[in-house]
Amino acid sequence: MQHFLTRADFPHLLTSLQAEGHHCIAPQVRHGAIVFDTLEQVSQLPTGWQDTQQPGHYRLHQTGSPYWFDWANGAAAIKPHTFAPQENLWKVVRDESGRLHFKTILPKPQKIAILGVRACDLAALALQDQHFLHGEYPDPYYQQRRDNLLLIGVNCTHAAATCFCVSTGDGPVIRSGYDLLLSEIDDGFVLEIGSERGEHLAKQLPLHAASPTQQATAQQRMQAATQQSRTLPEKPPLYDLLQHPHWEDVGARCIACGNCTSVCPTCFCHQEVERPALDGNSSTHERLWNSCFDPSHSHIHGGAVRRTPKDYYRQWLTHKLAGWHEQFGRSGCTGCGRCISWCPVGIDLTAEVGSLTA
Ligand code: SF4
Ligand code: SF4
């Protein structure tokens, strides 16, 4: 059943979440981009803002519309809220007798509600769940955050020129993975319930039954986001193309900054380091995001296996678009387009795959 929450009643959603102890995170304009950050009041939402994106290009402009969610994804995915960029995993302390004591440092349980999550990022979250939770050794750090996460999805009504979620089959319409789902129209939101937690929350809201006109308007607005020009083949045969001369071409343009892996909602590579205390009596074991564009990422005895931007980019693309099929049964790309917009030299994986497979 589809419900309707008026724009004027939207603050009830925020206050209900806050009253239940959720730390609310939602899109806001920061330093010229839309990012997910702490939301204390509805006025912080990005009213009327919309983006223009191209390879190596992201700009916001004001449309004067009443919409809060009429934009395509900004740089930050929701990934940092489940897979922390930096966290302490465990600590070892030496007691007076010289015995070592190991202690796991789990993150503090905190209820988090994220508002405004898009289809490509929910698909990416499902992939991160596969990696962190459904393997032989579930990750307790990720699990702690994931168990406390409430997700309020919003269907896209605007696609950036860099979006290609239609091609990967992950968007723009959200089909699963949400607690509540909103579709924005002029005077409010068509609302759908996706879980028991969502139902519990919906019971606290002044909802109406969504009229056929409101439902049709929401559908019509979502159509705009399906107009996407970029495409990506489902499984490009990259393992057969490892010696293709185009890798040299892309390697000559790539500056190995790692932006693409930082903004990608599915990348999960990390490194672990020891931080010993100066007195020699304790040490903290830390996990940090890492990237296949970092020379240390392939360092084994005797040196790094991959040493040039060509090697890094080939590793990234072949793992993401070929290796993931073996590991997770699907490509590691959900078509969000972030790696295209936030690459400082405008490298576009859809174009690179096109050149490799032409
Ligand atoms: S590879 Fe690029 S387009 Fe695909 S999910 Fe990652 S950032 Fe988005
Ligand atoms: S492809 Fe672009 S974003 Fe990725 S490391 Fe190279 S220059 Fe940076």
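The shell around ligand 2 splits by class into 11 nonpolar residues, two polar ones and no charged ones. Keep in mind that this is a predicted model. There are 13 residues around ligand 2, and the closest of them are Cys-254, Cys-257, Gly-258, Cys-260 and Cys-343. As for the room that ligand 2 occupies, that space is the largest cavity.

Just by this site in sequence there is a backbone detail to look at. Ala-256 has a positive phi of about 55°, although it is not a glycine. You'll find Ala-256 in the loop that runs between helix H7 (246–253) and helix H8 (259–263). With a relative accessibility of 24%, Ala-256 counts as partly exposed, because that label covers values between 20% and 50%.

Now for ligand 1. Its surroundings include Cys-264, Cys-333, Cys-336 and Cys-339, along with Phe-164, Pro-265, Trp-316, Lys-320, Thr-334, Gly-335, Gly-337 and Leu-349. Sorted by class, the shell of ligand 1 holds eight nonpolar, three polar and one charged residues.

Next, have a look at Pro-172, where the backbone does something else. The peptide bond joining Gly-171 and Pro-172 is cis, with omega about 5°. Pro-172 sits in the loop between helix H4 (165–168) and strand E10 (180–185). At 5% relative accessibility, Pro-172 counts as buried, since the cut-off for that is under 20%. What does Pro-172 touch, leaving aside its neighbours within four places in sequence? The contacts are Ala-119, Asn-155, Cys-156, Cys-165, Val-166, Ala-225 and Thr-226. If you want a sense of scale, try Pro-295: its C-alpha atom is 36 Å from that of Pro-172, and the two are 123 residues apart along the chain.

Another loop residue is Asn-290, placed between strand E14 (282–289) and strand E15 (299–300). Is Asn-290 buried or exposed? Its relative accessible area is 13%, so Asn-290 is buried. Once neighbours within four places in sequence are set aside, Asn-290 is in contact with Cys-269, His-270, Gln-271, Ser-296 and His-297.

Compare that with His-31, which lies in the loop between strand E2 (23–30) and strand E3 (33–38). His-31 is exposed, with a relative accessible area of 84%. This residue, too, has a positive phi, about 50°, although it is not a glycine.

Going back toward the start of the chain, helix H1 covers residues 10–19, and its buried residues are Phe-10, Leu-13, Leu-14, Ser-16 and Leu-17. Looking down the axis of H1, those buried residues fall within an arc of 165°, so they line one face of the helix. Just after H1 comes Gly-21, with a positive phi of about 85°.

Phe-10 turns up again in the contacts of Phe-189, a residue of strand E11 (residues 188–193). How much accessible area does Phe-189 have? Its relative accessible area is 0%, so Phe-189 is buried. Not counting residues up to four places away in sequence, Phe-189 touches His-3, Phe-4, Leu-5 and Arg-7 as well as Phe-10, and also Trp-68, Phe-69, Leu-182, Ser-183 and Glu-184. For a long look across the model, go from Phe-189 to Ala-322: they are 133 residues apart along the chain, and 39 Å separates their C-alpha atoms.

Technical notes. Residues numbered from 1 in each chain as written. Chains lettered and ligands numbered in written order. Predicted model: local features only at pLDDT ≥ 70, side-chain atom pairs only at ≥ 80, totals over all residues. Heavy atoms only, no water. Near = heavy atom within 4 Å. 1 Å grid on protein atoms, 1.4 Å probe; cavity = no way out; pocket = protein on both sides within 12 Å on 5 of 7 lines; lining within 4 Å. Sits in = over half its atoms within 2 Å of the grid points. Nonpolar A, V, L, I, M, F, W, Y, C, P; charged D, E, K, R; others polar. Helix = DSSP H or I, 4+ residues; strand = E, 2+ residues; numbered from the N terminus. Buried < 20%, exposed > 50% of the residue type's maximum accessible area, 1.4 Å probe, protein only. Contact = heavy atoms within 4.5 Å. Arc of directions from axis to C-beta.
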